[in-house]
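Biologist: Please take a close look at the charged side chains of this protein. I should like a connected account of the partners they meet and of the surroundings in which they do so.

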Amino acid sequence: MSRGDLKQLVAQGEGLRLEFKHCLPEPERVAREVTALANTCGGYLLVGIADDGTINGVKDPEEEIYALNSALEQYCFPDVIVELERVSVSRTRTVVIVKISTSPVRPHYVRNPSSRHRSVFVRFEDMCIEASREARKLMHSSPDAESVLIKLRAKERLLLKQLEQVGRVTVYGFAKQAKIHPGRASRIIVRMTRAKILVHHISLEDDYFTAGSALLQ
């Protein structure tokens, strides 16, 4: 990537696929940022860029790269594959570009080395947030939509009616209307999403679902 390409990328501002760091934060936070991009739609982590987009660079890019690799090795499971590039922005400063692709082995977990606890993170706008139960389920490998059979029983028909009326549904909203446990509501919604009847949308509060391609045909 040239210096001009870097400037164009930075000019887009932080967002769904772009995160700026003046320098790398503590290892667990690094792991959260990288796995969130890998679990969502990929993107770039730029090290040496201030929050306001000022291109400062870092003095020792190799130290930043070492810290990055150590954080990913210690905290991420399964391993996240990243591509690294260095762009010199002055005689003594360099920006480290970390390219993260959407992972084929999602979800990637951030694990606490001192305990058995592990979490999944996703990207929402310019933020890294913890993934919902439905987001985690939908990351796992699933059959093609054509092989997912959905029987439209009473609960499924009620969900479609709710979708038609308000344009979107949430797990807890559907559970309340259908008078079922949220766990059962979640399973129904995940199955219908895998069948492309619904489309999943990550949200800062409750994730929501809208009509999928199978309904719009």
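Modeller: In this predicted model, the charged end of R118 sits over the ring of Y109, at 3.9 Å from the centre of that ring. A second contact of this kind involves R168, which lies over the face of Y208 at 3.7 Å from the ring centre. Pairs between aromatic rings, by contrast, are absent: a search of the whole structure finds zero of them.

Salt bridges come next. Side chains of opposite charge can pair when their charged atoms come close. A search of the whole structure finds eight salt bridges. One of them joins R123 to E19, with the closest N and O atoms 2.7 Å apart. Because R123 belongs to strand 7 (residues 118-124) and E19 to strand 1 (residues 18-21), this pair ties together parts that are 104 residues apart in sequence. Both partners, R123 and E19, are buried.

Strand 1 also contributes K21 to a salt bridge. The side chain of K21 meets that of E33, with an N to O distance of 3.4 Å. This pair likewise links distant parts of the chain, since K21 is in strand 1 and E33 is in helix 2 (residues 27-39), twelve residues apart. The relative accessible area of K21 is 7%, so K21 is buried, the cut-off being under 20%. E33 has a relative accessibility of 8% and therefore counts as buried as well. The two pairs do not stand in isolation: E19, K21, E33 and R123 are linked in a network of salt bridges.

A further salt bridge brings together the side chains of R86 and E62, at 2.8 Å from N to O. Here the link runs from strand 4 (residues 82-88), which holds R86, to helix 3 (residues 61-75), which holds E62, and the two residues are 24 apart in sequence. Their surroundings may be set beside those of the network. R86 has a relative accessible area of 43% and is therefore partly exposed. E62, at 42% relative accessibility, also counts as partly exposed. The residues of the R123 and E19 pair, on the other hand, are buried.

These contacts may be placed within the whole. The secondary structure of the protein comes to eight helices and ten strands. Along the principal axes, the C-alpha atoms fill a box of roughly 70 × 40 × 30 Å. The protein has 217 residues, of which 44% count as buried.

An uncharged residue offers a point of reference for burial. L46 has its place in strand 2 (residues 43-47). With a relative accessible area of 0%, L46 is buried. From L46 to A71 the separation is 25 residues in sequence and 16 Å in space, taken from C-alpha to C-alpha.

Finally, one helix pair may be described. The axes of helix 6 (residues 171-178) and helix 7 (residues 182-194) come within 8 Å and cross at roughly 115°. Helix 6 is therefore roughly perpendicular to helix 7. The crossing of these two helices, helix 6 and helix 7, is right-handed.

Note on methods: Residues numbered from 1 in each chain as written. Predicted model: local features only at pLDDT ≥ 70, side-chain atom pairs only at ≥ 80, totals over all residues. Heavy atoms only, no water. Phe/Tyr/Trp six-rings, centres within 6.5 Å; stacked < 30°, edge-to-face > 60°. Lys NZ or Arg CZ within 6 Å of the ring centre and 35° of its normal. Salt bridge = Lys/Arg side-chain N within 4 Å of Asp/Glu carboxyl O. Helix = DSSP H or I, 4+ residues; strand = E, 2+ residues; numbered from the N terminus. Buried < 20%, exposed > 50% of the residue type's maximum accessible area, 1.4 Å probe, protein only. Axes fitted to C-alpha atoms, helices over the stretch in contact; angles between N-to-C directions. Parallel < 35°, antiparallel > 145°, perpendicular 65-115°, else oblique. Left-handed = near helix turned anticlockwise from the far one by under 90°.
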